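Colleague: Could you take me through one part of this model in detail? I would love a close look at the place where the two chains meet, and at a residue beside it.

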Amino acid sequence: MRALTLWNHDLDDACYRARLMASLAGVTLDLRSVDAFPGMEHRGPAMRVLTPMGRLPVLQDGDLVLTQVEPILLHLARTGAKGGAFLPSDGQVHARMEDWLAFHARDMGAASAAREAALFGGDPCVHAPAAREGLRVLEDHMAAQGLRGQGFVAGAAASVADVALFPAFALSRDWNLDHDGFPALRQWARRVRRLTGFVTMPGIPDYH
Amino acid sequence: MSAPAVPPGWTAVALARDIDAGTSAGVVLGGAEIVVWRDTGGRVHAWEDRCPHRGMKLSFGFVRGDRIACLYHGWEYDGTATCRYIPAHPDLAVPASIRVERYRAAEASGLIWVAAEGTGGAPPEVAGLVALRSLFVDAAAGDALARLAAEGFPGLGPVSGVEQGLFLRFTQGGTAFAVACHAVGPGACALHVLVAGAADAALIPATAAFRRAVEGAA
Ligand code: FES
């Protein structure tokens with residue numbers, strides 16, 4: 001099977017999303033390591049040719065170059081032999097997945113920003129309130145999903161939306177947000193961890 | 001500096017269904033940090049959330065059978081909170097003096113309750129109620145309960161039949177609620193919401209709206 005190329009930094013949570021999706025979907029990645037921290041290589045002129053906004057990860061599949069994480073996840077799910085399971089066939093469930101992917105893109109960026117500030121320099125407090133509010137909205141949603149007997153964000157099965165959103169919660173302790181106040185997200189995170197092909201990254205302990 | 005104490009008398013700290021067998025969770029009760037965990041047989045334990053080795057939170061650890069293991073160096077504690085295994089010294093007979101402080105833990109009314117050691121009796125069992133959710137709110141427990149008693153959850157209609165006790169009970173829009181509350185700290189609490197009949201997902205937005213309302217007023 002052909003390998004797709006991922007420009008990757010192991011400690012970057014967006015890159016982890018792509019690695020996790022690839023592993024779950026059964027896609028082999030050719031990883032190219034980018035010295036994002038401390039080297040800031042992703043903002044340098046060579047990488048800007050690939051990713052004009054200086055964003056990671058970058059996925060290359062032949063002539064196709066993707067620089068936004070949500071489309072990267074969707075493309076990996078469509079490409080991998082096991083990826084179809086993460087793309088709901090029911091129209092309503094699929095629409096809900098897209099809605100939560102848009103929520104991820106618009107509203108959960110604060111969690112990545114808070115984490116980046118906490119780990120690599122900056123003030124996490126600038127981003128932490130918005131990030132916490134986003135996770136509380138997701139907690140409310142998953143509390144309701146649980147009562148409907150639906151274990152995942154879009155429905156009864158895991159979708160690309162779960163892969164996008166999981167790291168925001170799983171890595172929140174990096175920016176000092178404990179999991180105590182998020183009982184529905186704790187249970188959801190356990191379900192995600194049990195998916196076949198699940199992989200961790202530094203900051204997400206390897207157990208359960 | 002000594003850690004805040006777990007109060008005598010029973011306090012609900014979580015929904016029973018929110019802590020699965022073989023998992024752990026951190027709970028803060030009036031500033032006291034507690035690990036609540038279930039062994040793989042389903043029994044609930046509540047201890048101080050602090051590993052005697054280097055102070056790591058045990059709630060970050062993982063459950064193996066009837067023991068919980070610390071995330072840092074893997075020290076394992078059995079159901080009596082006594083250390084039984086130290087991975088760095090696998091042949092060592094671990095001194096029985098290495099123990100975690102234990103509290104009482106019990107299940108009733110679909111909730112997990114904790115109390116200081118020495119607390120007698122059992123927490124209250126109320127019939128006919130099912131757990132809806134735990135709602136964490138940035139407001140003092142007294143303020144949250146007072147507002148709930150006065151106005152209920154936004155959008156569900158007028159409140160009637162208010163009774164205050166270990167549960168705040170009231171009826172709203174034909175639904176009977178019972179709410180147990182634990183103070184997390186001076187300005188934060190958790191409301192453990194039970195409802196009569198069936199737990200309907202359609203009630204969740206009203207609980208979230210309550211959180212926004214009470215935090216907006218704080
Ligand atoms: S801190 Fe718990 S085993 Fe070392």
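Modeller: Happily! A polar contact here is a pair of N or O atoms within 3.5 Å; within protein, one must be able to donate a hydrogen and the other to accept it, and residues adjacent in sequence count only if both atoms are side-chain atoms. By that rule, this predicted model has 10 residue pairs in polar contact across the interface of chain B and chain A, both partners at pLDDT 80 or more. On the chain B side, β2, β5 (62-64), β11 (129-137) and α2 (204-217) each give two or more residues to the surface that touches chain A. The largest share comes from β11(B), with 6 residues. Sorted by class, that side of chain B has 16 nonpolar, 5 polar and 11 charged residues.

Charge pairing shows up too: 8 salt bridges are counted between the chains, and one of them joins the side chains of Arg133(B) and Asp140(A), at 2.8 Å from N to O. In total, 32 residues of chain B are in contact with 21 residues of chain A. The area buried between the chains is about 2100 Å², with carbon and sulfur atoms giving 48%. Asp18(B), Phe60(B) and Phe136(B) supply 23% of what chain B buries against chain A, more than any other three residues.

Now for the single residue. Thr23(B) sits in the loop between β1 (11-15) and β2 (24-29) of chain B. Thr23(B) counts as buried because its relative accessibility is 7%, under the 20% cut-off. Among the residues Thr23(B) touches are Arg190(A) from the other chain, and Trp37(B) and Val63(B) from its own. A polar atom of the Thr23(B) side chain also lies 2.7 Å from the backbone oxygen of Asp20(B).

Terms used: Residues numbered from 1 in each chain as written. Chains lettered and ligands numbered in written order. Predicted model: local features only at pLDDT ≥ 70, side-chain atom pairs only at ≥ 80, totals over all residues. Heavy atoms only, no water. Helix = DSSP H or I, 4+ residues; strand = E, 2+ residues; numbered from the N terminus. Buried < 20%, exposed > 50% of the residue type's maximum accessible area, 1.4 Å probe, protein only. Contact = heavy atoms within 4.5 Å. Buried area = accessible area lost by both parts, 1.4 Å probe. Salt bridge = Lys/Arg side-chain N within 4 Å of Asp/Glu carboxyl O. Nonpolar A, V, L, I, M, F, W, Y, C, P; charged D, E, K, R; others polar. Lists of a residue's contacts leave out its neighbours within four places in sequence.
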